[in-house]
Amino acid sequence: MTTSMGLHKLQDQFILARKSVHTRPARNFCLRPHAVATPNKFKPKSTNSSLDLPSASSELVFIDETTGQTIKVMPADYGFRSGSGRLYQSSYGAIPTSIWELAADNFRKELVALRRSVRYDEYREIADSQIAAGAGPLKKFGLTAGGYLRQKISALDEWLEGNDVLKKLNLPRDARDPHLSPEQSDVLNRVRQLKLNDAKVTQREKRRQAAEGGVDAPWPIYFAYISLCWLIDVPYAGRPIQRFWFLETVARMPYFAYISMLHLYESIGWWRAGAEIRKIHFAEEWNELHHLQILESLGGDLMWFDRFLAEHAAIFYYWVLVIMYSLSPKASYTFSELVEHHAADTYSEFAEQNEELLKTIPPPLVALNYYKAGDFYLFDQLQTGWQAQTPRRPSCNNLYDVFINIRDDENEHIKTMGACKDGSITAELAKEEEARCIARGAQVRVLRAYDAASSDSSSMSSSVNDSIEADGELGVLYSYSSDQEED
């Protein structure tokens, strides 16, 4: 565990959660300290403490005011970027400063984290997990070479510190652990006990492919997929939370790349029919962002090496996908479908292997905000084949529910990527729009195509308006007329 752990104050979680209740009352929830705790009991005890400890007879709970359900919340955020770098915490929704200020601030934090990582050898934890998972000759050579490099960098850092070039590191390894309450330490220890057997993940993938058939992908796409899986699976053997965090860091990139390309095509006037697809991709990216924040709150981003590898891989991955999408959107969707299948299989196996332990760990605050009190409009946009009468509203009572929800989200991504790849997303969107319209009481019939070359703009407008029948919502789907403006 690195000393750069940024455990977020329960005081800030409480204040911000209550603020979200007042600013977004439609969410129908509140976050309250249970029993004797009150807001003023979350004040820090001293400037040296990284996390204030609530009284022994209190706990933070999430209350769904629609159902009255009370859900215990994970007692701390164990991530490196807790606080101003996290959704639903301090500075949520704030405007960023300039790129220079952001870069300088991040550089200072990461430099200290890098120095601690080599001086206190956080890589020993990575090496131990690799050896426990089974290290072959090549992996053992890499671990030995990495250990030698770490020693040299550590010696250089000590020399620079001794000559007053760098500031002295004032915190030894794990110095902040004693400031955790017994409950917070217990939850963290249980998270660290979570395991994942890679061989069983591979077996699950083979069973799925045998039962459902594999994704038909050309060899360059399949090679890129295998390379990404290797980068995710091999360096993170024996460290499932860190592995999932890396996965979710790069998992946002496809949707970011698709949005970028569709926006570019719209801006230069090449293609504007993809605007509805762009909205779906944004909902998918928003979903992956919450997966990422959940894994960060579990401490997935604590190690400097993990952050360095994941963030640089994400940038590279983004540009590869931009090029891939520009050459062949179908190939790009195929690649994403393969990756999402791998993610769903991995989460399924992880939840199955750790079910008993996961059910003893409360859900993080960010998971409750998303699955129980989030923007359900975006959540519903994520669901391929969603029908207005039966929206998906998952449970979120413990960490097991959280990982089952993430797995189900990945399955929705798979269906969406498949629909985008074969073009059936167009018919699906039309069907969903019609279902929503009918649910609002409108009577709509599908417009027939007409030859624009033989129609002027006035006849076009007349044809559109005459072909719509609606009760109370004129032209709710297809046209905007003066009648609508008067309504």
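Student: Why does Phe335 count as buried?

Tutor: The model is a predicted one. In it, Phe335 has a relative accessibility of 3%. A residue is called buried when its relative accessible area is under 20%, so Phe335 at 3% counts as buried.

Student: What makes the pair of Tyr317 and Phe335 edge-to-face?

Tutor: The ring centres of Tyr317 and Phe335 lie 5.7 Å apart, and rings pair if their centres lie within 6.5 Å. The planes stand at 65°, whereas planes over 60 degrees apart count as edge-to-face. The pair is therefore edge-to-face. Tyr317 belongs to helix H11 and Phe335 to helix H12 (residues 329–353), with their positions 18 residues apart in the sequence. Tyr317 has a relative accessible area of 7% and is therefore buried. A search of the whole structure gives 20 aromatic pairs. In addition, ring pairs join Phe244, Tyr347, Phe350 and Phe403 into a cluster.

Student: How do you know that Glu110 and Arg307 meet in a salt bridge?

Tutor: The N to O distance between the side chains of Glu110 and Arg307 is 2.8 Å. The rule asks for a side-chain nitrogen of Lys or Arg within 4 Å of a carboxyl oxygen of Asp or Glu, so the 2.8 Å contact qualifies as a salt bridge. Glu110 lies in helix H2 (residues 99–119) and Arg307 in helix H11 (residues 304–327), 197 residues apart. Glu110 counts as buried at 12% relative accessibility, and Arg307 counts as buried at 1%.

Student: Which residues are linked with Glu110 and Arg307 in a network of salt bridges?

Tutor: The network also includes Arg81, Asp301 and Glu311. By the same rule, the count comes to 29 salt bridges.

Student: What makes Arg119 and Asp157 a pair that ties together parts of the chain?

Tutor: The side chains of Arg119 and Asp157 form a salt bridge at 2.4 Å, N to O. Arg119 is in helix H2 and Asp157 is in helix H4 (residues 137–162), so the pair ties together parts that are 38 residues apart in sequence. Asp157 is buried, because its relative accessible area is 5%.

Arg119 also meets Glu161 in a salt bridge of 3.3 Å, N to O. This pair links H4, which holds Glu161, to H2, which holds Arg119, across 42 residues. Glu161, with a relative accessible area of 16%, is buried.

Student: Why are H8 and H9 called roughly parallel?

Tutor: Helix H8 (residues 240–251) and helix H9 (residues 253–267) pack at an angle of about 5°, and their axes are 5 Å apart. Angles under 35 degrees count as roughly parallel, and H8 and H9 are therefore roughly parallel to each other.

Student: Which residues meet where H8 and H9 are in contact?

Tutor: Thr249, Val250 and Ala251 in H8 meet Met253, Pro254 and Tyr255 in H9. By class, five residues of this contact are nonpolar, one is polar and none is charged.

Student: What is notable about the phi of Asp164?

Tutor: Asp164 has a positive phi of about 60°, although it is not a glycine. Most residues other than glycine have a negative phi. Asp164 sits in the loop between H4 and helix H5 (182–192).

Student: Why does Asp164 count as exposed?

Tutor: The relative accessibility of Asp164 is 71%. Exposed means over 50%, so Asp164 counts as exposed.

Conventions. Residues numbered from 1 in each chain as written. Predicted model: local features only at pLDDT ≥ 70, side-chain atom pairs only at ≥ 80, totals over all residues. Heavy atoms only, no water. Helix = DSSP H or I, 4+ residues; strand = E, 2+ residues; numbered from the N terminus. Buried < 20%, exposed > 50% of the residue type's maximum accessible area, 1.4 Å probe, protein only. Axes fitted to C-alpha atoms, helices over the stretch in contact; angles between N-to-C directions. Parallel < 35°, antiparallel > 145°, perpendicular 65-115°, else oblique. Contact = heavy atoms within 4.5 Å. Nonpolar A, V, L, I, M, F, W, Y, C, P; charged D, E, K, R; others polar. Phe/Tyr/Trp six-rings, centres within 6.5 Å; stacked < 30°, edge-to-face > 60°.
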